[in-house]
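User: I'm new to reading protein models. Can you walk me through this one?

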Amino acid sequence: MKKIGVLTGGGDAPGLNAVIRAVVKTACNDYNCRVLGIRNGYDGFIEPEGLFPLGQDEVRGILPRGGTILGTANRGNPFARKVTRNGVEFVEDTSDEVVAAIQKLGLDALIVIGGDGTLRISQELYQKGVPVVGVPKTIDNDISGTEVTFGFDTALNTATEAIDKLHTTAESHHRVMVLELMGRDAGFIALHAGVAGGADIILIPEIPFRYERVAEKVRRRQQFGRNFSIIAVSEGAKPLDGEQIFRRVGDAVYVPRLGGISLKVGEYIERVTGSETRVTVLGHLQRGGSPTPFDRWLATRYGSAAVRLAAAGGFGRMVALRNAQIIDIPLSESVSEIKRVNLDGDAVRTARSIGISFGDDY
Ligand code: F6P
């Protein structure tokens with residue numbers, strides 16, 4: 001292995017820089033191999049100034065830094081790329097161009113750090129001959145085949161701290177505080193932060209809720225003299241007889257942007273229970289900041305293991321965490337479906353046992 005590339009794709013997540021650093025250090029120290037940084041996801045292969053050498057000097061001091069020194073793009077799909085010609089926008093399949101650019105560079109491996117979208121694209125590029133190795137990233141923790149993605153723990157800390165802070169106002173003002181958290185189709189952040197922060201109601205995409213059940217829980221608490229409630233809501237939560245709420249619909253280039261369910265829940269609760277209600281949308285604060293020690297540790301192990309996997313010729317595969325060990329699995333297995341909260345698992349069971357409502361008929 002003489003030359004490998006590394007790129008980050010999709011939304012940023014705390015720990016991306018820690019992976020990049022580990023990739024570079026492992027490649028240099030163990031394999032005397034050069035590393036090429038690719039800017040802004042797959043776009044870097046076809047845009048000017050999109051490639052640059054990444055040595056130990058370039059990764060010095062980045063371990064505690066959020067974001068990615070490579071830049072990223074969550075519309076960087078080579079199979080559906082937005083291009084403008086003569087002032088007119090087109091969506092084009094530029095994957096052959098990307099494959100040709102990778103072949104011309106003579107990369108022995110391409111390490112791709114990304115979420116489900118980027119990994120799916122990488123699996124398709126692997127089928128076209130690109131020697132891809134994947135590293136699972138997302139604050140949502142929704143990638144199949146791995147117990148945890150890096151970035152999740154940091155987001156969880158931010159979300160839990162937000163619930164702790166909302167408790168203060170909730171108790172002092174006798175209010176209902178609704179907190180909207182990220183989580184498109186998987187409710188891990190809301191579930192884990194809700195339990196860790198002592199929320200009273202948790203609404204997640206996996207358990208469609210009824211507005212009346214949410215109001216009932218608030219009223220029951222009032223009857224017992226608890227004049228405040230905390231509701232943690234995933235952005236992707238939806239009522240049993242309704243749909244997810246989007247701020248922007250998706251298309252071939254952009255993924256749909258969720259957001260707004262917390263306002264609906266807040267309005268309903270205030271109207272039906274008479275409790276003063278406030279809504280907070282935590283948004284991208286969950287993706288920012290310095291990674292927690294756990295995320296730095298996991299990201300470093302993933303980055304190092306990805307280089308070893310590349311050296312062993314494990315293309316079309318992804319590093320993953322299982323039973324506290326780093327293993328590798330086929331990318332095809334991980335992208336076949338997203339990971340969701342297990343409704344029969346102990347996490348949901350525990351939440352119910354300690355009196356948390358999911359707004360369902362349970
Ligand atoms: O997938 C990670 C994530 O943070 C989701 O939880 C969220 O829906 C989405 O990205 C937001 O993306 P953007 O930064 O494009 O608004």
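User: Which stretches make up domain 1 and domain 2?

Analyst: Keep in mind that this is a predicted model. A domain need not be one unbroken stretch, and the domain assignment shows that here: domain 1 is 3-150 + 291-322, and domain 2 is 155-287 + 342-353. Their C-alpha centres sit 33 Å apart.

User: How many residues of each domain are in contact?

Analyst: Count the residues on each side: 14 from domain 1 and 13 from domain 2. Then look at area: the two domains bury about 1,300 Å² between them, with 59% of it on carbon and sulfur atoms. On the domain 1 side, Arg-75, Ile-139 and Asp-140 lose the most area, together 40% of what that side buries.

User: How many salt bridges are there between the domains?

Analyst: For a salt bridge, you check a side-chain nitrogen of Lys or Arg against a carboxyl oxygen of Asp or Glu, within 4 Å. The count between domain 1 and domain 2 is 1. Asp-12 and Arg-287 form a salt bridge through their side chains, at 2.8 Å from N to O. The touching side of domain 1 is a mix: 5 nonpolar, 4 polar and 5 charged residues.

User: Which residues touch the most other members in the largest nonpolar core?

Analyst: That core has 66 residues, and the answer is Ile-4, Leu-54, Ile-111, Ile-113, Val-135 and Phe-150. Both domains feed into this core, each with at least three residues. Try Leu-54: beyond its neighbours within four places in sequence, its contacts include Val-6, Ile-20, Val-35 and Leu-70. Another core, of 24 residues, lies apart and includes Val-98 and Leu-331.

Notes: Residues numbered from 1 in each chain as written. Predicted model: local features only at pLDDT ≥ 70, side-chain atom pairs only at ≥ 80, totals over all residues. Heavy atoms only, no water. Domains from an automatic or database assignment. Contact = heavy atoms within 4.5 Å. Buried area = accessible area lost by both parts, 1.4 Å probe. Nonpolar A, V, L, I, M, F, W, Y, C, P; charged D, E, K, R; others polar. Core = buried A, V, L, I, M, F, W, Y, C linked by side-chain atoms within 4.5 Å. Buried < 20%, exposed > 50% of the residue type's maximum accessible area, 1.4 Å probe, protein only.
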